[in-house]
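Visitor: Could you take me closely through one part of this model, namely how a pair of its helices pack against each other, and then add a word on a strand elsewhere in the chain?

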Amino acid sequence: MKKLRLLVTLCTLIGSALTAASLGGQATPRIQFEKYTLPNGLEVILHEDHSTPIVTVDTWYHVGSGDEQVGRTGFAHLFEHIMFMGSQNVPVGAFDQMLEAAGADNNGSTTEDRTNYYENLPSNALALALWLDADRMGFLLPTMDLAKLNLQRDVVKNERRQRVDNQPYGRADETILAALYPKSHPYSWPVIGSMADLSAASLDDVKNFFRTYYAPNNATMVIAGDFDPAAVKKLVAQYFGPIPRGPAVKRRTTVPAVVIPRDKFIVLEDKVQLPRLFYTWPTVKAFAPDDAALDILALVLANDKNSRLYKKLVYDLQIAQTARAFQESGKLDGKFQVDVTPMPGQKVADIDKVVKAEIANVIQNGISTRELQRAQNSYKANFLNRLASALGKADQLNFYNYFVGTPDYVQQDAARYERVTAADVKRVAGKYLGKPKIVLTVVPEGKTDMMLTAAGGAR
Amino acid sequence: MRGLSSTSAMGVIALAAIQSTVFAQGTFDRSKPPELGPPPRVALPPILTRELPNGLKLLIVEHHELPLADFVLLVGSGSTTDPASKTGVANLTATMLREGTTTRKSLEIADQIAYLGINLSPSSSWESSTLSLHTPTAQLDSALSLFADVALRPSFPADEFERLRKNRLTDLLRLRDQGPAIANLAFPAIIYGGAHPYGAATLGTEASVKSLSVADLQSYYQTNFKPNNSTLIIVGDVNPAQIEQKINALFGGWQRGNVSQPTYPDPPKAAATTVYLIDKPGAAQSSFRIGSVGVPRSTKDYFALSVMNTILGGSFTSRLMQNLRETRGYTYGASSRFDMRRNAGPFLASAEIVAAKTDSALLEFMKELNAIRQSVPASELSRAKRFLQLQLPGNFETTQDIAFQLVPVALYGLPLDYYNNYVQNIEAITEADVARVAQQYINPGSLAVVIVGDRKSIEPTLKAINVGPVVIRDISGQPIQ
């Protein structure tokens, strides 16, 4: 659905790849590309693929919720919505009307680190997508007004209601972020933002944000699919070339240290039948040396019936209904999360004992070769799937380009996962999961006595 | 940098405006969208058909872009074959396929899926049960052998079933947390009633799930999972002759059987438009499901309905989305669809609406459901037709896309040239067709309006607008005793 995606982290989505490996020997295909930069600073990456007569234009603006100011959380995403409301030469509503009449599907998404916009359309309509994208990159403000902002403010508030407030356990994420990160940390608030901050966003905020972050020199446009490169370069130069360069964007490269001196136990009441336990440890950012080993650890702990936590809690003891684990790493920082939903009548304290014991077991005794292989092979296979569509390839080129500085990083990324050893997994389990954490219990309304406490049990 | 000084920001904008003006007078006029050439000719991949001696049909499409292949075993029986007191049998039977075979235990199957790096997923729907395999071709033989074992030799271990039963009962308990899920269950229960299989819950009810036994699942499997009731869809980097041989070796011994299709009673006659309100105290949004019994997939009005629904609520620029989201901001999304099945599935319009606008939103829904019955402007008709026609190539991009497109071909017996004729069939739809099907199939006077939300705050306003009587129902859509 339109403007519906709101990715929270990229690494778990795009973080895996493979080279020729122990199993099957299927090598990672390279994605051939050509990259150049217009005089105004717009990066352009072209990837030809004539297998289907469609083409994707995927533009990443290098701004996300992490760039927001105090009191304006959710603004980067609200701004994303406004980008579909028309520009100087595109009346309100015409953006989508023209694209749909051309057979396009289009959308955008916002994360902590970046905002993207894409059109996926029959190859004859490429010029339309470029014209529309150039108009909103260069000429958004002349027709910007409070009515557009107010409308999308209401839409985004409903998006928040649908994803967060009216969603069981939906407010867990923002509760954890606030407890885990210091207030000055760019990941300490949720991408969707708070209702109060969404209410506070002004037309001046829109104008300033656009001028600061939506200049060609802060964007990368990938065109992937069925097109003629010479013709496309001409079009790109014609449509985007005249858009003036903006001031250089000062990019944040460091974040405040995340220090959790001792386990912190918090509780959140929600309209739910069953409580849920969330454990969160600070870890490392995407592509940091331990990032891939933490991804593998997540699969070893909770991926399927053989993974440690799932097997013990859900399969063997049957005291939990769900058990999940993931390393979520962004451009600037990362966290590792485990969450478990007890079966009806089961105490969170009993769940906690098992979680502790299973993690301690990995820390002390490590994992088997088979566990490592399963996790590596799962990562490996997922990689091919991302190459199946023009949009998948475009997003991957953009991701690597932004995160590691080159679009062509697929094989190096694959190698990260191939290099992980059982000893690495044991080591990162101790190094990160052996440390203090945030423990959130979401409980049914009025039942705060169900929360897990430092004493190790529900009161 | 957290923001620009206003001076430099103004400078940027002024420059932009100048550039625009200069350019408009130069080599091209930015104010006019580019003229597009004709849409690309779409060469849809040929579909090969085969049939094994035991009656298993194969649909094979070669797609050699990547070393990947997709297999979908489509068994032509699903939840509508559940015995009345045993709802959930089809769904749990499919779920149990991965929980053990005569030679593999549940944990071994999971181990092999992860080790091979494949997806192997069972699922079930109203009239079909499926087992899907997505695999890199490097693992093809191992993956296929596991796929066939799971499909043909499930052992339905009692301990695994007890675990799944507990889990399913917990799923059903947790459904109460979700307004949209409650609405999705209550709506068909209300429009189809208890006697029609489309009114039943595919996941089962607490009572039915508690009453089921392994024998029920085995019986369901043995009756319905037959080669002559099944189609195997194969798409990917495969050689048709070789893959047919492999499939024959793996599936050739599967024994035929007599499979009977369920009979469907006529759905109850629609009552005058009624608001069925289900209480979800404190809900931030009201979940709307508005509709009636629609049409079967075999309807001769399929293409006219596709175009009409695209205009009403089937695309971003559709009337429901534009009105309720892009004009009024009442919701994050509003849509409508005809869920076409072997028999007449539901027509429904839906949205999650901010609680305070529940009454206003219902009035807008009713306005649009009336307005679509009037004439549709040519520009809107044309956009909807282009949208449907031109999206076709994108629906055939990946192996999974193609396999997905072949499911209705197998399930509803569509002709093999169905997609080849799709563009011209859409092209033939006129304004009169759209008006006719809207008038025939959307009847604002006899709709079920199911709303799950905070009764205390929304009931008075819903009564006040008087779209229909307001009736309180429980979370299963049943009258409250």
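Guide: In this predicted model, helix α11 of chain A, which spans residues 308–316, packs against helix α12 of chain A, residues 348–365, at an angle of about 150°, and their axes lie 10 Å apart. Because an angle over 145 degrees counts as roughly antiparallel, α11(A) is described as roughly antiparallel to α12(A). The crossing in which α11(A) passes α12(A) is right-handed. On the side of α11(A), the contact is made by R308(A), L309(A), K312(A) and L313(A), while α12(A) contributes I351(A), V354(A), V355(A), E358(A) and V362(A). Sorted by class, the residues in this contact of α11(A) with α12(A) comprise six nonpolar and three charged ones, with no polar residue.

Turning from the helices to the strand, β6 of chain A covers residues 219–225, and seven of its seven residues are buried, so β6(A) is largely enclosed by the rest of the structure. Strand β2 of chain A, residues 43–48, runs parallel to β6(A) and is joined to it by six bridges; within this pairing, E43(A) stands opposite T220(A) of β6(A). Strand β3 of chain A, residues 54–61, runs antiparallel to β6(A), with seven bridges joining the two, and here T56(A) is the residue that stands opposite A224(A) of β6(A). As a general point for reading such strands, side chains in a regular strand alternate between the two faces of the sheet.

Terms used: Residues numbered from 1 in each chain as written. Chains lettered and ligands numbered in written order. Predicted model: local features only at pLDDT ≥ 70, side-chain atom pairs only at ≥ 80, totals over all residues. Axes fitted to C-alpha atoms, helices over the stretch in contact; angles between N-to-C directions. Helix = DSSP H or I, 4+ residues; strand = E, 2+ residues; numbered from the N terminus. Parallel < 35°, antiparallel > 145°, perpendicular 65-115°, else oblique. Left-handed = near helix turned anticlockwise from the far one by under 90°. Contact = placed C-beta atoms within 7 Å. Nonpolar A, V, L, I, M, F, W, Y, C, P; charged D, E, K, R; others polar. Buried ≥ 20, exposed ≤ 12 C-beta atoms within 10 Å, placed from the backbone. Pairing = 2+ DSSP bridges.
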